Amino acid sequence: MIKAVLIGPPGSGKTTVGRLLAERLGVTFRDTDADVEAAAGKPVSDIFIEDGEERFRELELAAVRRALDEHDGVLSLGGGAVLREETQALLDGRPVVYLQVGLADAVQRVGLGSARPLLVLNPRSRLKKLMEERRPIYERLAVLTVATDKREPAELADEIVEGLSR
Ligand SMILES: Nc1ncnc2c1ncn2[C@@H]1O[C@H](COP(=O)(O)OP(=O)(O)O)[C@@H](O)[C@H]1O
Ligand SMILES: O=C(O)C1=C[C@@H](OP(=O)(O)O)[C@@H](O)[C@H](O)C1
Ligand SMILES: [Mg+2]
């Protein structure tokens, strides 16, 4: 059984904090973006450009399903994985942790890199819009919510260990 599933917008720290959390718990770590890249044999940005977002979302749903089936450690999702109703249903009853982040910190963290194809143009306004659209979904799925602004990944991992043990 999975120990924790991390959700939240890009830049909330799912990948970074998830890896630390897995270390703390002494379990293995998986990230759906890495699983999708391994399955497709190319980076997320190339999948978006060459095959489109819909194809990425299909590969992502398959990666979530596979990980929840096989994996018993910590799983970090890509920020948009929760958009699919199938994924929302798969997360029902799981220890889902929502990493909350404000726009300013998220923008600073994702920077201007090209690794997140949805944020290449106007990262600030794209992030603002997708955060507003997805917030209700993140809130509904979470059993634990952790505010990450101005907090270090290590202390967040400790807080999640504590929060999930309660
Ligand atoms: N709590 C934090 N404080 C400062 N920087 C952070 C924090 N969490 C993550 N980061 C940095 O922000 C960037 C995005 O983090 P990442 O874990 O990839 O987020 P996500 O997987 O949610 O998109 C990385 O450079 C990471 O080092
Ligand atoms: O929010 C999104 O739709 C996406 C978030 C990314 O993952 P992170 O949330 O880990 O950055 C990645 O899956 C892809 O670029 C799409
Ligand atoms: Mg990530």
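These are my notebook entries on a predicted model of a single chain and the two ligands placed with it.

**Entry 1: overall layout**

I began with the secondary structure and found 8 helices and 5 strands in the chain. Read from the N terminus, the elements follow the order β-α-β-α-α-α-β-α-β-α-α-β-α. I then looked up the dimensions: along the principal axes, the C-alpha atoms occupy a box of roughly 45 × 35 × 25 Å. The radius of gyration of the chain is 15 Å, which agrees with the value near 15 Å that a compact globule of 166 residues would have. For burial, I noted that 36% of the 166 residues count as buried. Turning to contacts between residues at least 6 apart in sequence, I found that 74% of them join residues at least 24 apart.

**Entry 2: the nonpolar core**

I next looked up the largest nonpolar core, which has 39 residues, and recorded V5, L6, I7, L21, L77 and V97 as the ones that touch the most other members. I followed I7 further: setting aside residues up to four places away in sequence, I7 touches L77, V82, V96, Y98, Y138, L141 and A142.

**Entry 3: ligand 1**

I listed the surroundings of ligand 1 and counted 14 residues, of which G13, K14, T15, T16 and R109 come nearest. By class, this shell divides into 3 nonpolar, 7 polar and 4 charged residues. Which helices each supply at least two residues of the shell? They are α1, residues 14-25, and α8, residues 153-165, and the largest share, 3 residues, is that of α1.

**Entry 4: ligand 2**

For ligand 2, I recorded a shell made up of P10, K14, T15, D33, V44, G78, G79, G80, R116, P117 and L118. By class, I have 4 nonpolar, 4 polar and 3 charged residues here. I noted that K14 and T15, listed for this ligand, are also among the residues that come nearest to ligand 1.

**Entry 5: the annotated positions**

I then checked the UniProt record, an unreviewed entry, whose "binding site" annotation covers G11, S12, G13, K14, T15, T16, R116 and R151. These positions span 141 residues in sequence, and the farthest two of their C-alpha atoms are 22.6 Å apart, so they do not all gather at one spot. Comparing the record with the shells, I see that G13, K14, T15 and T16 are annotated and come among the nearest to ligand 1, while R116, likewise annotated, belongs to the surroundings of ligand 2.

**Entry 6: K14 and R151**

I took two of the annotated residues for a closer look. K14 lies in helix α1, and it is buried because 29 other C-beta atoms lie within 10 Å, where 20 or more are required. Apart from its neighbours within four places in sequence, K14 is in contact with L6, G8, S76, L77 and L99; of these, L6 and L77 are also among the core residues that touch the most other members.

Is R151 buried or partly exposed? R151 sits in the loop between β5 (144-147) and α8, and with 16 other C-beta atoms within 10 Å it counts as partly exposed.

**Entry 7: D105 and D149**

Last, I looked up D105, which belongs to helix α6, residues 103-110. D105 is partly exposed, having 17 other C-beta atoms within 10 Å. I also recorded its separation from D149: the two are 44 residues apart in sequence, while their C-alpha atoms are 6.2 Å apart in space.

Terms used: Residues are numbered from 1 along each chain as its sequence is written. Chains are lettered from A and ligands numbered from 1 in the order in which they are written. This is a predicted model: local features need pLDDT of at least 70, side-chain atom pairs count only at pLDDT 80 or more; totals for chains, interfaces and linings use all residues. A residue is near a molecule or strand if its C-beta atom, placed from the backbone, lies within 6 Å of it. Helices (H or I, at least four residues) and strands (E, at least two) are DSSP runs, numbered from the N terminus. Ala, Val, Leu, Ile, Met, Phe, Trp, Tyr, Cys and Pro count as nonpolar, Asp, Glu, Lys and Arg as charged, and the others, Gly among them, as polar. The radius of gyration is taken over C-alpha atoms; the globule rule is 2.2 Å times the number of residues to the power 0.38. A residue is buried if 20 or more other C-beta atoms lie within 10 Å of its own, exposed if 12 or fewer, and partly exposed in between; C-beta atoms are placed from the backbone. Two residues are in contact if their C-beta atoms, placed from the backbone, lie within 7 Å. UniProt positions are given in the numbering used here, feature names are shortened, and annotations may be inferred rather than shown by experiment. A nonpolar core is a set of buried Ala, Val, Leu, Ile, Met, Phe, Trp, Tyr and Cys residues joined through C-beta atoms within 7 Å.
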